[in-house]
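Subject: Structure handover

Hello,

Here is the structure you are taking over. My notes on what was found in it follow below.

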Amino acid sequence: MASTELRVKELLKERGWTTKVLAEKTGMSESYLTHIKNGTRRWNEDALRKISQAFSLDPVNLFVARGAVLAGSAQKAIQEVEEASVELKVRKIPVMGGIPSYPSAYNNEIMQVTTGYKEIFVPVLNESAEGLFCLAVETNTMAPRFVKGDRIIITPTNTIESGQIAAVEYQSDKMRKAIVSVNFADDFILLESVSHKQPPVALVKGKDHFRVIGRVIRRYQNF
């Protein structure tokens, strides 16, 4: 069986927490957490849930070694979770270097290949939407919200709420696809850059082309 040791020690160091702080946040005993931190005792489903909530992380990120959510190492992270003695619904989500116009299993595979990410995946938990995909952030043009090396999980949908971040297709001077913050007014749709470095784009409802491709639901950081 692959190792299922958790990244508790690393995360405590990153947050500047002691084991006592984590114990207070989880309601678990400090001695038990020390065993989990040192890999001398197995965790259970309840412990996994409480620790992930304390760190505000998806449980699957507790298994991922530094940088392991990237490229081929994602497969190892998936196997570790799948082999663990806990019922977690894990899916492999395709990574790609562009936004597909109409996400689907077939279109996502094509986008993977054409953008140089063939057979590269990231793991996600408890997501069942068809066509779910992961956009690889290849530049820092969306910093500080998203930086080079990040992975953005997007769920296909054609409806979002004002203020949400989404993958959209729109036309101003030319047809574009982008990750933006979308805000709705009575007569306009305002698209704001997530970096706030570009001026917003105002589209006229019913006149200018605008289509939601998917909503951003998660970010995997390149630790």
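To begin with a single side chain: Arg176 is partly exposed, at 30% relative accessible area. Please keep in mind that this is a predicted model. Arg176 forms a salt bridge with Asp173, with N and O 2.9 Å apart. Asp173 counts as exposed because its relative accessibility is 58%, and the cut-off for exposed is over 50%.

Salt bridges

The structure has 5 salt bridges in total, including the one between Asp173 and Arg176. In general, side chains of opposite charge can pair when their charged atoms come close.

Another of the salt bridges joins Glu127 to Arg218, where the closest N and O atoms are 3.1 Å apart. These two residues are 91 apart along the chain, and their pairing links distant parts of it: Glu127 sits in the loop between strand 2 (121–125) and strand 3 (133–136), while Arg218 belongs to strand 9 (residues 210–220). Glu127 is partly exposed, with a relative accessible area of 22%. Arg218 has 17% and is buried, because the cut-off for buried is under 20%.

A further salt bridge is formed by the side chains of Arg7 and Glu10, at 3.1 Å from N to O. Arg7 is buried, with a relative accessibility of 6%.

A charged residue without a partner

Which side chain of opposite charge is nearest to Lys37? It is Glu30, 7.5 Å away, and Lys37 has no salt bridge although it is buried. Lys37 is located in helix 3. Leaving aside residues up to four places away in sequence, Lys37 is in contact with Glu5, Val8, Lys9, Leu12 and Thr19.

Helix 2

Thr19, one of the contacts of Lys37, is also one of the buried residues of helix 2 (residues 19–26), along with Leu22, Ala23 and Thr26. Viewed down the helix axis, the buried residues of helix 2 fall within an arc of 105°, so they line one face of the helix. Among the elements covering these buried residues are helix 1 (8–15), helix 3 (30–38) and helix 4 (45–55). Gly27, just after helix 2, has a positive phi of about 75°.

The sheet

How many strands form the open sheet, and in what order? There are 9, in the order 2-1-3-4-9-5-6-7-8, with mixed pairing. Strand 2 and strand 8 (201–204) are the edge strands, each pairing on one side only. From one strand to the next the twist averages 40°.

Is strand 2 mostly covered or mostly open? Strand 2 is mostly covered, with 4 of its 5 residues buried. Strand 2 runs antiparallel to strand 1 (residues 90–96), and 5 bridges join the two. Within this pair, Ile93 has Val122 of strand 2 as its bridge partner.

Strand 5 (residues 165–171) and strand 6 (residues 175–184) are likewise antiparallel, joined by 7 bridges. Here Ala166 stands opposite Val180 of strand 6.

Helix 6 (residues 105–114) lies across strand 1, strand 2 and strand 3. Relative to strand 1, helix 6 runs at about 50°.

Regards

Conventions. Residues are numbered from 1 along each chain as its sequence is written. This is a predicted model: local features need pLDDT of at least 70, side-chain atom pairs count only at pLDDT 80 or more; totals for chains, interfaces and linings use all residues. Side-chain values use heavy atoms; hydrogens and water are left out. Buried means under 20% relative accessible area, exposed over 50%, partly exposed in between (1.4 Å probe, protein chains only). The arc is that of the directions from the helix axis to the C-beta atoms. Contact means heavy atoms within 4.5 Å. A salt bridge is a side-chain nitrogen of Lys or Arg within 4 Å of a carboxyl oxygen of Asp or Glu. Lys and Arg count as positive and Asp and Glu as negative; His and the chain ends are not counted. Two strands pair if DSSP finds at least two bridges between them. Axes are lines fitted to C-alpha atoms, for helices over the stretch in contact, and angles run from 0 to 180 degrees between N-to-C directions.
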